[in-house]
Amino acid sequence: MQRLKGKVALVAGATRGAGRGIACMLGEAGATVYCSGRSTRAQPSTTGFYAGRPETIDETAELVTRQGGAGIPVRTDHLVAEQVEALVARVRDEQGRLDVLVNDISEGEAHEWQPFWKLSLDKGFRMLRNALHSHLITCRYAVPLMVERRRGLVVEIGDGDTLDYRQTFFYDLIKISVSRLAYALAEELYPQRVAALAVTPGFMRTEAILDSFGVAEANWREAAESHPQAKRFGFMHSETPCFVGRAIAALAADRRVLDKSGGLYSSWNLAREYGFTDLDGSQPDLGRHVDFEEQFKASSRTGFRWTITRPVGAPGEGQR
């Protein structure tokens, strides 16, 4: 059932990984999906962590169309405001509306798992710019299309549905900030009837992850059963990027999604709520199989924990 037929989505960072999975599953639900990013067949990206990888937004758009939607690739550097403004202007001219915005642009750098005082500040600042400035720029130009119609959904893709430390400084700062961005947007957009929230996938079998373990989607369980790192991080309970894609599609089709505005959600908990499955019919649940509390204790030197003064997902004072 194409519950999003007639809806228009923009997935920023749709080249690969979660962005590709989200774009494809929005297409599966019938949406028209603008797939933006820097890597195209004619002009592949040559910088950053993913330089040289074969995935392109052209391929993603074709997969969206194959799933039953309409995929439209638009090469965009989301750090360049003029390019983002032009992208949104094109969506306005061609569709006259925007129903879903997904920000999945990553920090684009390999992480260094060492203390903060040994990290490169230049690299850290570049990561912050890649993963935060790009999201802010994209929201600044895309959100007005939703405000005009007093409806829409903004989704920030993060990592982790808790406020605990993520083991390396800049990565932690980026992912917490992405979730906070959704929270702040929710406070301002709720009176405009536009929802904003953050979603985290579980351990995803992205193209790069599969390559790193020397397996493909068809035989990924071999790595889950034999690779020490795969075992340590719960790869047996991993998910395809399409699982979080179906989470976003379910949220976009939920007429009461505004009730979730400001929240921080996981793919596995949303699967329990909405009943969707991964591509193979399974329902991965990383939260049930990985003890995040114990992982936190093992990695924390101080025992310090963030606390939140209201349930995650509950409306803030400005939303009531």
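This is a short tour of a predicted model, stop by stop. Residues are numbered from 1 along each chain as its sequence is written, and side-chain values use heavy atoms, with hydrogens and water left out. Because the model is predicted, local features need pLDDT of at least 70 and side-chain atom pairs count only at pLDDT 80 or more, while totals for chains, interfaces and linings use all residues.

**Stop 1: the sheet.** Show the strands (DSSP runs of E, at least two residues, numbered from the N terminus). Seven of them form an open sheet in the order β3-β2-β1-β4-β5-β6-β7, with parallel pairing; two strands pair if DSSP finds at least two bridges between them. At the edges stand β3 and β7 (264-266), each with a single partner strand, so one side of each has no neighbour in the sheet. From one strand to the next the twist averages 20°. Now pick β1 and β4 (residues 100-103): four bridges join them, and V11 has V102 in β4 as its bridge partner.

**Stop 2: helix α3.** Select residues 81-95, one of the helices (DSSP runs of H or I, at least four residues). How far apart are the end C-alpha atoms of α3? They are 21 Å apart, which agrees with the span expected for 15 residues at 1.5 Å a residue, that is, 1.5 Å times one less than the number of residues. Color V84, L87, V88 and V91: these are buried, meaning under 20% relative accessible area with a 1.4 Å probe, protein chains only (exposed is over 50%, partly exposed in between). Seen down the axis, the buried residues of α3 fall within an arc of 90°, so they line one face; the arc is taken from the directions from the helix axis to the C-beta atoms. They pack against β1 (8-12), β2 (32-37), β3 (70-75) and α4 (121-149). On the face turned away, look for the exposed E82 and D93. Just past the helix, G96 takes a positive phi of about 75°.

**Stop 3: T32.** Is T32, in strand β2, buried or exposed? T32 is buried, at 17% relative accessible area. Leaving out residues up to four places away in sequence, T32 touches K7, V8, A9, A70, I72 and Q95, where contact means heavy atoms within 4.5 Å.

**Stop 4: the cores.** A nonpolar core is a set of buried Ala, Val, Leu, Ile, Met, Phe, Trp, Tyr and Cys residues joined through side-chain atoms within 4.5 Å. The largest has 37 residues, and I22, L26, V33, V199 and I248 touch the most other members. Helix α9 (residues 241-253) gives the largest share, seven residues. Apart from that core lies another, of 24 residues, including V8, V88, I137 and V154.

Methods
Axes are lines fitted to C-alpha atoms, for helices over the stretch in contact, and angles run from 0 to 180 degrees between N-to-C directions.
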